[in-house]
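User: I've got a protein model to get through today. Can you walk me through it?

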Amino acid sequence: MSLVKRVRGYSELPDSTASDIASQLASKDERLRRRLAHVSYVVAIASGKGGVGKSVITANLAVCLARSGYSVGVVDADLNGPSMARLLGAESTPLRMSEDSVEPAVGVGDVKLMSMDLLLASVETPLDWKGPKTESYLWRGTMETNTLREFISDTEWGSLDFLILDLPPGSDRIAPVRDLLPELGGVVLITLPSDISRFVVGKALTMVRQLDVAVIGYVENMAGYLCPHCGEKGKLFQSEECEFENTPRLATLPFDPGFGRETEAGRPGVMQSPDSEVGLGIGAIAAAVIEHFEGEEG
């Protein structure tokens with residue numbers, strides 16, 4: 001059953017035999033391939049650790065690419081903690097559904113979007129997976145992967161230059177995405193300049209390389225606090241600059257309260273303050289992503 005047909009009973013675990021499930025998955029994978037045939041590049045934004053500002057960077061990167069003339073879609077793959085609709089100013093957008101597909105929401109900069117928070121009853125409604133009480137850790141992972149598959153394959157993306165996936169925290173989240181999307185062309189990792197973050201994100205970096213997925217580079221976020229009054233920068237963390245061996249640093253972004261506040265209000269800071277230190281850093285990330293894909297073709 002498609003995403004559209006079961007939008008209100010979304011979290012129910014289907015009662016199917018193994019052969020039924022295998023047949024359904026084969027059909028859905030074929031549908032996914034057909035949908036991705038109209039997408040030039042697929043890139044994931046990831047971090048082994050939560051709380052690093054990954055979604056804010058994803059939203060601003062998407063808008064920056066769109067402002068550069070590219071057609072962009074974003075999949076909010078964080079099903080249990082979705083935020084992309086709000087960050088892109090599309091949280092009140094109703095989804096238009098046909099018999100077997102759904103039109104994506106359109107956010108700031110004409111960025112197309114699919115996110116779980118567009119399907120839930122309210123902003124306070126959690127995603128409640130319903131299924132057997134025992135061995136829930138097994139089927140929950142299957143349900144999440146299947147839902148992500150449907151997010152992509154049931155959405156009428158049209159032709160896109162970039163499809164960006166905002167992944168949930170955890171190095172274990174990368175392998176299912178790689179299995180689902182062999183077209184995944186690169187990963188950008190987000191970290192903080194702290195020992196703990198460097199330790200955890202390092203595991204995600206190792207996982208990406210083990211999966212033979214290209215690492216575009218990493219972003220060091222919240223590297224200092226930008227005072228909104230005087231503009232001076234102070235340290236947020238005591239650690240030195242974060243570095244990963246043989247991995248390019250794409251940008252070093254300070255914590256800018258105004259930039260973050262605008263983005264959280266659905267007005268991505270890169271549109272309001274493109275020439276700020278964070279805005280220029282987002283531009284550098286976008287340039288690196290473009291060079292990674294288009295440079296390879298050239």
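Analyst: Here is a quick tour, starting with the whole chain and ending with single residues.

User: Sounds good. What should I know before I start?

Analyst: This is a predicted model, so local features need pLDDT of at least 70, side-chain atom pairs count only at pLDDT 80 or more, and totals for chains, interfaces and linings use all residues. Residues are numbered from 1 along each chain as its sequence is written, and side-chain values use heavy atoms, with hydrogens and water left out.

User: How many helices and strands does the protein chain have?

Analyst: The chain has nine helices and 12 strands. Helices (H or I, at least four residues) and strands (E, at least two) are DSSP runs, numbered from the N terminus.

User: And how much of the chain is buried?

Analyst: Of its 298 residues, 50% count as buried. Buried means under 20% relative accessible area; exposed is over 50%, and partly exposed lies in between (1.4 Å probe, protein chains only).

User: What about contacts across the chain?

Analyst: Take the contacts with a separation of 6 or more. Residues 24 or more positions apart account for 79% of them. Contact means heavy atoms within 4.5 Å.

User: Now the sheet. What's the strand order?

Analyst: Eight strands form an open sheet, in the order β5-β6-β2-β7-β1-β8-β9-β12. The pairing is mixed. Two strands pair if DSSP finds at least two bridges between them.

User: Which strands stand at the edges?

Analyst: β5 (105-106) and β12 (249-252) do. Each has a single partner strand, so one side of each is left without a neighbour in the sheet.

User: How does β5 join β6?

Analyst: Two bridges link β5 to β6 (residues 112-114), and the two strands run antiparallel. Alanine 105 sits opposite leucine 113 in β6.

User: Which helix packs on the sheet?

Analyst: Helix α2 (residues 54-67) does. It touches β1 (39-46), β2 (72-76), β7 (160-166), β8 and β9. The direction of α2 makes about 175° with that of β7. Axes here are lines fitted to C-alpha atoms, for helices over the stretch in contact, and angles run from 0 to 180 degrees between N-to-C directions.

User: How many residues of α2 are buried?

Analyst: 12 of its 14 residues are buried, so α2 is largely enclosed by the rest of the structure. Among them are Lys54, Asn60 and Cys64. Just after α2, glycine 69 takes a positive phi of about 100°.

User: Back to β2. Is it covered on one face or both?

Analyst: Both faces. Val72, Val74 and Asp76 are buried on one side, and Gly73 and Val75 on the other. That fits a general pattern: in a regular strand the side chains alternate between the two faces of the sheet.

User: Which strands does β2 join?

Analyst: Five bridges join β2 to β7, running parallel. Three bridges join β2 to β6, also parallel. Glycine 73 has leucine 163 in β7 as its bridge partner. Valine 74 has leucine 113 in β6.

User: New topic: α6. Why does its span agree with what's expected?

Analyst: Helix α6 covers residues 195-210, which makes 16 residues. At 1.5 Å a residue they should span 22 Å, and the end C-alpha atoms are 23 Å apart, which agrees. The expected span is 1.5 Å times one less than the number of residues.

User: Where does α6 lie?

Analyst: α6 lies across β8 and β9, running at about 170° to β8. Its buried residues, including Val201 and Leu205, pack against α5 (174-180), β8 (184-191) and β9 (215-220).

User: Any single residue to look at? How about serine 115: where is it?

Analyst: Serine 115 is in the loop between β6 and α4 (136-153). It is buried, with a relative accessible area of 0%.

User: What does its side chain make polar contacts with?

Analyst: One polar contact is with the side chain of aspartate 76, at 3.0 Å. Another is with the side chain of aspartate 117, at 2.5 Å. A polar contact is a pair of N or O atoms within 3.5 Å; within protein, one must be able to donate a hydrogen and the other to accept it, and residues adjacent in sequence count only if both atoms are side-chain atoms.

User: Last one. Is histidine 292 buried or exposed?

Analyst: Buried: its relative accessibility is 14%. Histidine 292 is in helix α9 (residues 277-297). Leaving out residues up to four places away in sequence, histidine 292 touches Gly185, Gly186, Ala214 and Ile216.
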